[in-house]
Amino acid sequence: MVFAAPSLRYAFIFLVSTLVAPAAWAHAHLTHQYPAANAVVETALQTITLNFSEGIEPGFSGVTLTGAQQETIKTQKAKRNEQDEKQLIVPLDQPLNPGTYTVDWHVVSVDGHKTKGQYTFSVK
């Protein structure tokens, strides 16, 4: 019985850590995007599309697009794809001029976790 208490304690710690670990991974991470990070695009873009590892809440998610001189590029409001709750679509108001652009994104996953990030692409 002397060894029962430490063994139970370790079993309890293991059980708690396995139950808590999935919650720590429950964030919507960017899985791929168009245009891709560091891509050089030669055709006129109509939208920027971001795909995440889990569903997102469109009302708490958004994108800011900036140009090489840190000027904000006007876009329409980001919206979630009606057929895919993991995809955020940002329609562009006008074609992008040649140059480098930065996409700053932030999302809230359906389970309430916030994530954000950024990447760049260029238009030739």
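Select Tyr119 to begin: in this predicted model, the residue is buried, with a relative accessible area of 6%. Next, add Phe121 to the selection; Phe121 is also buried, at 1% relative accessible area. The rings of Tyr119 and Phe121 form a tilted aromatic pair, with 6.5 Å from centre to centre and 40° between the planes. Now display Tyr101 as well, since ring pairs link Tyr101, Tyr119 and Phe121 into a cluster.

The count of aromatic pairs comes to three. For another of these pairs, select Phe52 and Trp105. The geometry here is edge-to-face, with the ring centres 5.1 Å apart and the planes at 65°. Phe52 belongs to strand β3 and Trp105 to strand β8, so the pair ties together parts that are 53 residues apart in sequence. Are these two residues buried or exposed? Phe52 has a relative accessible area of 3%, which places it among the buried residues, because buried means under 20%. Trp105, at 8% relative accessibility, counts as buried too.

Turn next to the nonpolar core. The largest such core has 22 residues, and the members that touch the most others are Ile48, Leu50, Phe52, Leu65, Leu88, Leu96 and Phe121. Colour the strands that contribute to this core: β3, β4 (62-66), β7 (84-91), β8 (99-108) and β9 (114-123) each supply at least two residues. Strand β8 provides the largest share, four residues. In soluble globular proteins, nonpolar side chains tend to be buried together.

Within the core, centre the view on Ile48. Which residues does Ile48 touch, leaving aside those up to four places away in sequence? The contacts are Tyr34, Pro35, Leu65, Leu88, Ile89, Val90, Leu92, Val103, Tyr119 and Phe121.

From Ile48, move to Gln33, which is found in strand β1. The two C-alpha atoms are 7.6 Å apart in space, and the residues are 15 apart in sequence. Gln33 is buried, with a relative accessible area of 17%. Beyond residues up to four places away in sequence, Gln33 touches Thr49, Leu50 and Tyr119, the last being the residue with which the tour opened.

Switch now to a cartoon representation and follow the sheet. Four strands form an open sheet in the order β1-β3-β7-β6, with antiparallel pairing. Its edge strands, each pairing on one side only, are β1 (30-34) and β6 (79-81). From one strand to the next, the twist averages 30°. Strands of a sheet pair through backbone hydrogen bonds, either parallel or antiparallel.

Cross the sheet strand by strand, starting from β1:

- Select β1 and β3 (residues 47-52), which pair in the antiparallel sense over four bridges. His32 has Asn51 as its bridge partner in β3.
- Continue to β3 and β7, which run antiparallel and are joined by five bridges. Here the bridge partner of Thr49 is Ile89 in β7.
- Finish with β6 and β7, an antiparallel pair joined by three bridges. Lys79 has Ile89 in β7 as its bridge partner.

As a last stop, keep Ile89 displayed. Ile89 is the bridge partner of Thr49 and also of Lys79, and it is among the residues that Ile48 touches. Then look at the connection between β6 and β7: a hairpin joins these strands through two residues.

Conventions
Residues are numbered from 1 along each chain as its sequence is written. This is a predicted model: local features need pLDDT of at least 70, side-chain atom pairs count only at pLDDT 80 or more; totals for chains, interfaces and linings use all residues. Side-chain values use heavy atoms; hydrogens and water are left out. Two strands pair if DSSP finds at least two bridges between them. Axes are lines fitted to C-alpha atoms, for helices over the stretch in contact, and angles run from 0 to 180 degrees between N-to-C directions. A nonpolar core is a set of buried Ala, Val, Leu, Ile, Met, Phe, Trp, Tyr and Cys residues joined through side-chain atoms within 4.5 Å. Buried means under 20% relative accessible area, exposed over 50%, partly exposed in between (1.4 Å probe, protein chains only). Contact means heavy atoms within 4.5 Å. Rings of Phe, Tyr and Trp (its six-membered ring) pair if their centres lie within 6.5 Å; planes under 30 degrees apart count as stacked, over 60 as edge-to-face and the rest as tilted.
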